[in-house]
There are 2 protein chains.
Amino acid sequence: MNNFVYDIPTKVYFGENQLGHLHEELRKYGKKVLLTYGGGSIKKSGLYELVVDEVKKAGMELFELAGIEPNPRVYSVNAGADICKKENIDVLLAVGGGSVIDCTKFIGAAAFYDGNAWDILTEKTTVEKCLPIIDILTLAATGSEMDSGGVISNPETKDKIGMMYPVMQPKVSFLDPTLTYSVSRYQTACGAADMLNHILEVYFNMNQDLFMLDTVMEGLMRTIIKFAPVALDKPHDYEARANLMWTSSWAINGFVNGGKRQAWSCHPMEHELSALYDITHGLGLAILTPRWLTYCLDETTVSKYYQYGVNVFGIDPTLLPMEVAKMSIDMTAEFLFKTLGLQSTLTEIGIDSSNFELMAKKSVQGGLAYAFKPLNEADVTAIFTACL
Amino acid sequence: MNNFVYDIPTKVYFGENQLGHLHEELRKYGKKVLLTYGGGSIKKSGLYELVVDEVKKAGMELFELAGIEPNPRVYSVNAGADICKKENIDVLLAVGGGSVIDCTKFIGAAAFYDGNAWDILTEKTTVEKCLPIIDILTLAATGSEMDSGGVISNPETKDKIGMMYPVMQPKVSFLDPTLTYSVSRYQTACGAADMLNHILEVYFNMNQDLFMLDTVMEGLMRTIIKFAPVALDKPHDYEARANLMWTSSWAINGFVNGGKRQAWSCHPMEHELSALYDITHGLGLAILTPRWLTYCLDETTVSKYYQYGVNVFGIDPTLLPMEVAKMSIDMTAEFLFKTLGLQSTLTEIGIDSSNFELMAKKSVQGGLAYAFKPLNEADVTAIFTACL
């Protein structure tokens, strides 16, 4: 069992109408706030007005960066960092889903760097300081609201790179489940697939580790499986949206990692897919997950699948382990493609095999040699091929 | 479902030989450190030397307060606060179990108060500042290493009062499971009973709440039930000690409370028992727990017992709910008294009914009218009587 350091200092206001505390939190950090967001949905929903009112109540000066993309681009990071430097911004306020929060983290870091923010992603420079970040989450998926990492795309180089620095951890996150009522059926499904995969990437690990964390992960997965269909059927179901929202944070804030050697598998592969084809991250993960699980199943790993099948899907524990394992993969696929209704193949979303070798080559640079089941370029190509 | 604020900023170093990081953490907080501890066990074990070496490495000046009692007394709080004021202490270093850490929290608070620390417990004054606290945990039980509360006894008034202030939250906690290898069989059992009860006090609640938190609590309880007997049989089993240690923190750090109305039942009763008879907190809780569960079971509460029985003890879900409920209480009692081997009645530990009315009167002042099942003085007396 490995040692670990637990350090998740983000303060979370959870629930409806908690936004009234925003001005109290904002003014702890200075006088000038840069509001970052994506498309215009926060204007349509009225959230923009609420936020502006809170900034006024805090007696602070407001600056804005709108138009942050899904799969956020390094251009947006640079644009935000420029505003921070020019206007001497004190605190960042990200309003949106994982893309906006991820982008804002690197804006906060790049504000202290004289150069292209892409240098941070390519490790030409390191991050020691970051402007304080407060966020208002509008989509339950990536968990960026409670971790110190983010993923940025560079369309010029066709790269999509993830990076974590403790100083980028949000100071305060506002999680109001009602803000996710308007999330579309498709994005709700992609969010559920994303958080399920975050847990599976940690759970499937042959390291000897803390039983108590496995029980937590199994509970989180059961929560996703129970409430994602409810949220799809009744988008305004508070209980479902609340369970999904809090689960998305805990799926990836680092708690469940304790002591496990971390080497994720589907994420490096999916980052290549969405870097090249700009697909939704959760959809890419959904397509990859059952094929990855199938590829990694053998006599040396079957015990983990058995545990998963029995404890998450309630499969009869008296069946043969290999039988339980196969059933658990089938039930995972059924959840992703039937219950969530996500597209199940790369072919369906217009992706063919032409870039598989290139993507495989880049994927393995992410450390796949140390994954749950070590994967080389040929393995990754085989998994991509199984997704056609 | 109620709103809540999640705020648990304690950094935790978990694992063996993590103490080498102590000097890095200590020196962030100043020049003068007050080491607080209980009896001499940390000298016998060699831990004291390690700590002194780390303080030296940090280049800090060391002061000491030894002899903090189990069920720590207000005298120790005052003695510690006096040292802090006289020597201008910058940071407190608590080495021990819940009693030492609890006491140290109030020392840190009382360092900013000119008067008897008991005024803090009786709410004659409030706590707005506290010296920074770092701790090294040597007993898995109370969870004080990751929360902002503590309980202090006053032998003069025969009171035992608990209080929470966010500023008393430890900055850094060192959790090394090997430091609990030497914990006696009896104290290991009391610790397991304590953490199990912490979860039950939150879990048994008819509030509509987050399913995901119930799954987490069920996992933590299964962890205690699985690993406490292992630790009793093999005190040096790292996996068992590690699971119990991390579970004890998460049982009561506030995470599982999210959105639940909090009104604990057994704790106010047990505090009266240990205030008057100075028994081990976990033992008092063990004796009370099954009687409290029995007393609160009726048609309006049976659904929660059913959930507990099925998900924690694996009782057949097709049985009648009331049958499952009764079996779950029996299995709880069996765990506490047979598996853990704790004494099962007040009579066995020399406590008779002579103070039940007085204790019942004081217990209900703790807010029992709003508990899982509201309890008045007659109810509490009945529960005490069932413990004879």
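Before reading off any bridge partners, I note that two strands count as paired if DSSP finds at least two bridges between them.

**Entry 1: the hairpin in chain A.** The model I have open is a predicted one, and I began with strands β7(A) and β8(A), which run antiparallel and are joined by six bridges. Looking up A:N154, I found that the bridge partner of this residue in β8(A) is A:D159. Four residues lie between the two strands of this hairpin, and A:K158 takes a positive phi near 60° there.

**Entry 2: confidence.** I then checked how far the predictor trusts its own coordinates, and for chain A the average pLDDT is 96, with 100% of the residues scoring at least 70. For the complex, the predictor gives an ipTM of 0.94 and a pTM of 0.96.

**Entry 3: overall form of chain A.** I counted the secondary structure of chain A as 15 helices and nine strands. Along the principal axes, the C-alpha atoms of chain A fill a box of roughly 65 × 45 × 45 Å. I also compared the radius of gyration with the globule rule: a compact globule of 388 residues would come near 21 Å, and chain A has 20 Å, which agrees.

**Entry 4: the two domains.** Chain A is divided into domain 1, covering 11–179, and domain 2, covering 185–386. Taken over C-alpha atoms, the centres of domain 1 of chain A and domain 2 of chain A are separated by 27 Å. Where the domains meet, I find 20 residues of domain 1 of chain A in contact with 25 residues of domain 2 of chain A. Here the hairpin of my opening entry returns, since the elements that give two or more residues to the domain 1 side of this contact are β7 (149–154) and β8 (159–164) of chain A. The largest share of that side, three residues, comes from β8(A). By residue class, the domain 1 side divides into nine nonpolar, six polar and five charged residues.

**Entry 5: the contact between chains.** I turned next to the pair of chains, whose contact takes 32 residues from chain B and 32 residues from chain A. On the side of chain B that touches chain A, the elements giving two or more residues are β1 (4–6), β2 (11–14), α8 (211–233) and α9 (238–250) of chain B. Of that side, α8(B) gives the most, with ten residues. I sorted the residues of the same side by class and obtained 16 nonpolar, nine polar and seven charged. Strand pairing also crosses between the chains: β1 of chain A, residues 4–6, runs antiparallel to β2(B) and is joined to it by three bridges. Within that pairing, A:F4 stands opposite B:F14 in β2(B).

**Entry 6: symmetry.** What relates the two copies? I found that a rotation of 180° with 0.0 Å of shift along its axis superposes chain B on chain A, at an RMSD of 0.0 Å. The two copies are therefore related as by a two-fold rotation axis. In chain B, the C-alpha nearest the axis belongs to B:P9, at 2.1 Å from it. As a last check I compared the residues on the two sides of the interface, and 100% of the interface residues of chain B are also interface residues in chain A, so the copies meet through the same surface.

Conventions. Residues numbered from 1 in each chain as written. Chains lettered and ligands numbered in written order. Predicted model: local features only at pLDDT ≥ 70, side-chain atom pairs only at ≥ 80, totals over all residues. pLDDT = per-residue confidence, 0-100. Contact = placed C-beta atoms within 7 Å. Nonpolar A, V, L, I, M, F, W, Y, C, P; charged D, E, K, R; others polar. Domains from an automatic or database assignment. Least-squares fit on C-alpha atoms with pLDDT ≥ 70 in both. Rg over C-alpha atoms; globule rule 2.2 N^0.38 Å.
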